[in-house]
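User: I have a model open and want the reasoning behind the labels attached to it. Please take the terms one by one.

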Amino acid sequence: CWTKNDPHIVEDDVPSCRTEYEEKCIETQSGYVTGQECSKWPREVCTVRKEIRAKFNPVTKCEKVPQELCGPSGCGFVPGPEECHDQVKTVVTDIPNEICDLQPLRKCAHVTKLVPKLTPVEKCVDVPK
């Protein structure tokens with residue numbers, strides 16, 4: 001039996017992601033002073049590009065090797081004593097060549113988070129004269 005790696009070309013989707021920060025500012029009023037409160041949050045922006053790569057499928061095959069028995073014509077088979085002997089045989093096989101290319105893969109997905117909604121409420125302040 002033998003095994004060899006059969007290469008084939010595939011088109012892979014490769015994501016490319018980056019982190020962008022979004023900022024939102026709200027004007028706040030405390031008495032007669034107006035201020036601004038800003039908040040930032042990260043957001044993942046991903047694009048997918050096609051890349052052609054070679055991948056391998058292992059192929060294993062076993063073959064029967066016929067052996068020819070020779071003898072004079074008209075001679076039949078007669079059971080005889082068992083004969084054993086050691087035999088050294090050279091077997092040539094292909095050694096599979098493994099190529100491992102492990103690279104970190106960033107997986108991007110949309111995440112929904114609950115955010116409290118702020119509504120303005122009128123606040124009265126008594127100013128002494």
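Analyst: A residue is called buried when its relative accessible area is under 20%, exposed when over 50%, and partly exposed in between. The model is predicted, and each label below is a computed value set against a cut-off.

User: Why is Asp12 called buried?

Analyst: The relative accessibility of Asp12 is 16%. The cut-off for buried is under 20%, so Asp12 counts as buried.

User: What makes the contact between Lys55 and Asp12 a salt bridge?

Analyst: The term asks for a side-chain nitrogen of Lys or Arg within 4 Å of a carboxyl oxygen of Asp or Glu. In the pair Lys55 and Asp12, the closest N and O atoms are 3.5 Å apart. That value is within 4 Å, so the contact qualifies. The pair also links distant parts of the chain, with Lys55 in strand S2 and Asp12 in strand S1, 43 residues apart. Lys55 itself has a relative accessible area of 38% and is therefore partly exposed.

User: Why can such side chains pair in general?

Analyst: Side chains of opposite charge can pair when their charged atoms come close.

User: How do you know that Lys50 and Asp13 form a salt bridge, and what does the pair tie together?

Analyst: Their N to O distance is 2.7 Å, and the limit is 4 Å, so the salt bridge label applies. Lys50 lies in strand S2 and Asp13 in strand S1, so the pair ties together parts that are 37 residues apart in sequence.

User: Which labels do Lys50 and Asp13 get for accessibility, and why?

Analyst: Lys50 has 55% relative accessibility, which is over 50%, so Lys50 counts as exposed. Asp13 has 48%, which falls between the two cut-offs, so Asp13 counts as partly exposed.

User: What makes Arg53 and Glu51 part of a network?

Analyst: The side chains of Arg53 and Glu51 meet in a salt bridge, 2.9 Å from N to O. Salt bridges that share partners join Asp12, Arg49, Glu51, Arg53 and Lys55 into one network. Arg53, with a relative accessible area of 31%, is partly exposed, and Glu51, at 25%, is also labelled partly exposed. The structure holds 9 salt bridges.

User: Why is Ile52 called exposed, and where is Ile52?

Analyst: Ile52 is at 63% relative accessibility, and exposed means over 50%, so the label follows. Ile52 is placed in strand S2. Its C-alpha is 8.9 Å from that of Asp13, although 39 residues separate Ile52 and Asp13 in sequence.

User: What makes Tyr32, Val125 and Val127 a patch?

Analyst: A patch takes residues with over 30% relative accessible area and no salt bridge, and joins nonpolar side chains within 5 Å. Tyr32, Val125 and Val127 form such a nonpolar patch on the surface, with about 380 Å² of accessible area together. Val125 can be checked by its own value: 56% relative accessibility is over the 30% needed for a patch, and also over the 50% needed to count as exposed. Val125 is found in the segment after strand S2 (33-61).

User: Which residues line the two largest pockets, and what are these linings made of?

Analyst: The largest pocket holds about 1400 Å³ of space. Its lining has 32 residues, of which Lys24, Ile26, Ser39, Val115 and Leu118 lie nearest the centre. Strands S1 (2-30) and S2 are the elements that give two or more residues to this lining, and S2 gives the most, with 9 residues. By class, the lining has 17 nonpolar, 7 polar and 8 charged residues.

The second largest pocket holds about 510 Å³. Its lining has 13 residues, with Asp12, Arg53, Ala54, Lys55 and Asp101 nearest the centre. Again S1 and S2 are the elements that give two or more residues. The classes here are 7 nonpolar, 1 polar and 5 charged.

User: Why are Cys46 and Glu20 called partly exposed?

Analyst: Cys46, in strand S2, has a relative accessible area of 30%. Glu20, in strand S1, has 27%. Partly exposed covers values between the buried and exposed cut-offs, so both residues get that label.

Terms used
Residues numbered from 1 in each chain as written. Predicted model: local features only at pLDDT ≥ 70, side-chain atom pairs only at ≥ 80, totals over all residues. Heavy atoms only, no water. Patch = residues over 30% accessible without salt bridge, like charges linked within 9 Å, V, L, I, M, F, W, Y side chains within 5 Å. Areas by Shrake-Rupley, 256 points an atom, 1.4 Å probe, with all protein chains shown as cover. Helix = DSSP H or I, 4+ residues; strand = E, 2+ residues; numbered from the N terminus. Buried < 20%, exposed > 50% of the residue type's maximum accessible area, 1.4 Å probe, protein only. 1 Å grid on protein atoms, 1.4 Å probe; cavity = no way out; pocket = protein on both sides within 12 Å on 5 of 7 lines; lining within 4 Å. Points joined across faces, edges and corners; volume = space filled by probe spheres on them. Nonpolar A, V, L, I, M, F, W, Y, C, P; charged D, E, K, R; others polar.
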